[in-house]
Amino acid sequence: MIPADLLTQIGILLAAALTLVTLSYIFGDHPVFRLVLHIFIGAAAGYAGAIAVQDVILPQLIFPVIELTSGASSLDPVDVGMRLGLSALLLTKLSPRTARLGNPVTAMLVGVGAALAIGGAIQGTLLPQINGSAQIFDVAGFDLALQGGYYGESLQIILQGMLALLAMVSTLAYFHFGAEARGKQAPLRNVLVDVLAWAGSLFIAITLATLFSGVLLSGMGALTERLDFLYSTLSALLGAP
């Protein structure tokens, strides 16, 4: 049996070699880089498939069928039969001749997935953002600041609320594509909507720039971690302190 320490050392050296090959893409595409890319995609796909088999297919389909056939299952046979039937219909998508039979199951999967995604987006993103935007209009804080004579703070609350309101309305106006026909002229949007849409484009650009900077910072963090890993590995090989 190979010692565990030796396997760990081999894994570290292999990871360092794959990192160097990946970073060599900065000099251009080459066959070794594509080989490493294929290894990464294959490993990721294999891992996802293994997780699906371990967490879904075996406990939800294979084990219940085995228990049902052995008579030791407490599950409803109709339930297990529906699982088998839906799985068999889904497998028909493997062949172009029988792919039509799997369309209803695929449609059900897409519909359920879309419903869960929309529900999650509304509950996890849209409603919290609306609540967060409403918190900017701090009426109670404005009254307290006004009563206490803190006119600068009250003015700051007003400006924050107006800026948040302008950002929301103008961004929504940017995605308003309604236009009215004016005789023989091409349909045009209302001038006020056009002005708000222009302002909304500025807020959208700021938002996208912020998101891009976040992605860039994440990439720089990953690159720094890999360079530190290569430096540590090389130092260990050379026996440097």
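Here is a chat between a biologist and a modeller about this predicted model.

Biologist: Let's start with confidence: what pLDDT does the chain average?
Modeller: Keep in mind that this is a predicted model, and pLDDT is the predictor's confidence in each residue, from 0 to 100. Here 99% of the residues score at least 70. The average for the chain is a pLDDT of 87.

Biologist: And which element of the chain has the lowest mean pLDDT?
Modeller: At the top end sits helix 7, with the highest mean, 92. At the other end the mean is 72, and that belongs to strand 1 (residues 180–182).

Biologist: Onto the surface, then: which helix gives the largest share of the nonpolar patch?
Modeller: The patch is made up of L23, F212, L216, M220, L223 and L227, and together they have about 550 Å² of accessible area. One helix, spanning residues 191–238, supplies 5 residues of it. That is helix 7.

Biologist: Take F212 from that patch: is F212 buried or exposed?
Modeller: F212 has its place in helix 7. To count as exposed, a residue needs over 50% relative accessible area. F212 comes in at 58%, so the label is exposed.

Biologist: Now the rings: are Y174 and F175 stacked or edge-to-face?
Modeller: The structure holds 2 aromatic pairs. For Y174 and F175, the ring centres are 5.2 Å apart and the planes sit at 85°. Planes over 60 degrees apart get one particular name. So this pair is edge-to-face.

Biologist: Which label does Y174 get for accessibility, and which does F175 get?
Modeller: Y174 has a relative accessible area of 33%, which makes Y174 partly exposed. F175 has 52% relative accessibility, and the cut-off for the next label is over 50%. So F175 counts as exposed.

Biologist: How many salt bridges does the structure hold?
Modeller: Let's go through them. R34 pairs with D29, with the closest N and O atoms 3.0 Å apart. D79 meets R83 at 3.3 Å, N to O, and R226 meets E225 at 2.9 Å. The total for the structure is 3.

Biologist: How exposed are R34 and D29?
Modeller: Partly exposed is the label between under 20% and over 50% relative accessible area. R34 has 39% relative accessibility, and D29 has 47%. So R34 is partly exposed, and D29 is partly exposed too.

Biologist: What separates D79 and R83 along helix 3?
Modeller: Helix 3 covers residues 77–91, and D79 and R83 both belong there. As for accessibility, D79 has 30% and R83 has 24%, so they count as partly exposed. They are 4 residues apart, so the separation is about one helical turn.

Biologist: Back to R226: which ring does R226 lie over?
Modeller: R226 is already in a salt bridge with E225. R226 is partly exposed at 28% relative accessibility, and E225 is partly exposed at 42%. R226 also lies over the face of a ring, 4.4 Å from the ring centre, and that ring belongs to F229.

Biologist: Last one: how far apart in space are L172 and G200?
Modeller: L172 has its place in helix 6 (residues 151–174) and counts as exposed, at 65% relative accessibility. In sequence, L172 and G200 are 28 residues apart. In space, C-alpha to C-alpha, the distance is 7.4 Å.

Definitions and conventions. Residues are numbered from 1 along each chain as its sequence is written. This is a predicted model: local features need pLDDT of at least 70, side-chain atom pairs count only at pLDDT 80 or more; totals for chains, interfaces and linings use all residues. Side-chain values use heavy atoms; hydrogens and water are left out. Rings of Phe, Tyr and Trp (its six-membered ring) pair if their centres lie within 6.5 Å; planes under 30 degrees apart count as stacked, over 60 as edge-to-face and the rest as tilted. Buried means under 20% relative accessible area, exposed over 50%, partly exposed in between (1.4 Å probe, protein chains only). A charge sits over a ring if NZ of Lys or CZ of Arg is within 6 Å of the ring centre and within 35 degrees of the ring normal. Patches are made of residues with over 30% relative accessible area and no salt bridge: like charges are joined within 9 Å, nonpolar side chains (Val, Leu, Ile, Met, Phe, Trp, Tyr) within 5 Å. Accessible areas come from the Shrake-Rupley method with a 1.4 Å probe; for residues, only the protein chains shown count as cover. A salt bridge is a side-chain nitrogen of Lys or Arg within 4 Å of a carboxyl oxygen of Asp or Glu. Helices (H or I, at least four residues) and strands (E, at least two) are DSSP runs, numbered from the N terminus.
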